[in-house]
Amino acid sequence: MNTLKEIFTNPMFVSAALGWFVAQLLKTIIYCIVNKELVLERMIGNGGMPSSHSATVCALATSVGLNEGFSGFPFAMAAFFAIVVMNDAMGVRLETGKQAMVLNDMMQLFKEMGRWDGKHPIEHLKEFVGHTPLQILIGALLGIIIAIAYYNLTL
């Protein structure tokens with residue numbers, strides 16, 4: 001039981017979790033406003049504004065720096081982890097989403113042409129999986145702000 005208490009009172013864990021939660025909540029609200037429909041899947045889904053990938057890892061790296069110092073190994077490790085995650089979210093995952101859009105369009109076209117045999121197990125590929133540079137930037141700033149605010153509130 002002491003282990004759970006340690007985890008949920010660890011400022012680095014809490015900051016990262018808050019970064020993810022706030023980003024997902026904002027993503028859901030923004031999607032609802034833009035598309036005029038509430039899609040609760042956005043609360044746990046990938047892609048969209050702001051990037052919860054960026055918010056989570058930047059909150060973690062900032063919190064590590066604030067709590068452990070910015071000159072040591074823990075911050076360096078967290079910062080490079082953040083860079084790798086954000087690069088992946090903006091690069092590979094964004095391209096995967098674009099490819100999914102093209103493949104979904106192709107599958108729809110095949111269905112409309114009567115050339116779909118119906119044997120393929122994929123009905124619809126997820127298109128929201130990556131982030132644009134702006135979504136990454138806003139998520140990163142959100143994560144940094146959350147970590148600083150949490151750090152100052154818990155002093």
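Helix α2 is followed by K36, a residue whose phi is positive, near 55°. Helices here are DSSP runs of H or I with at least four residues, and strands are runs of E with at least two, numbered from the N terminus. The model is predicted, so local features need pLDDT of at least 70 and side-chain atom pairs count only at pLDDT 80 or more, while totals for chains, interfaces and linings use all residues. Residues are numbered from 1 along each chain as its sequence is written, and side-chain values use heavy atoms, with hydrogens and water left out.

A wider view helps to place this helix. The protein chain has 6 helices and 0 strands, running α-α-α-α-α-α from the N terminus on. Of its 155 residues, 34% are buried, meaning under 20% relative accessible area with a 1.4 Å probe, counting protein chains only.

Back to α2, which covers residues 11-35. Its 25 residues, at 1.5 Å a residue, should span 36 Å (1.5 Å times one less than the number of residues); the end C-alpha atoms lie 35 Å apart, which agrees. At the N-terminal end, N10 acts as a cap, with a side-chain oxygen 2.8 Å from the backbone nitrogen of M12. M12 is also among the buried residues of α2, together with V14, S15, A16, G19, A23, Q24, K27, T28 and Y31. These buried residues pack against α1 (2-8), α3 (52-68) and α6 (133-153).

Contacts, defined as heavy atoms within 4.5 Å, tell a similar story for the chain: among those between residues at least 6 apart in sequence, 70% join residues at least 24 apart.

How values were computed:
Buried means under 20% relative accessible area, exposed over 50%, partly exposed in between (1.4 Å probe, protein chains only). A polar contact is a pair of N or O atoms within 3.5 Å; within protein, one must be able to donate a hydrogen and the other to accept it, and residues adjacent in sequence count only if both atoms are side-chain atoms.
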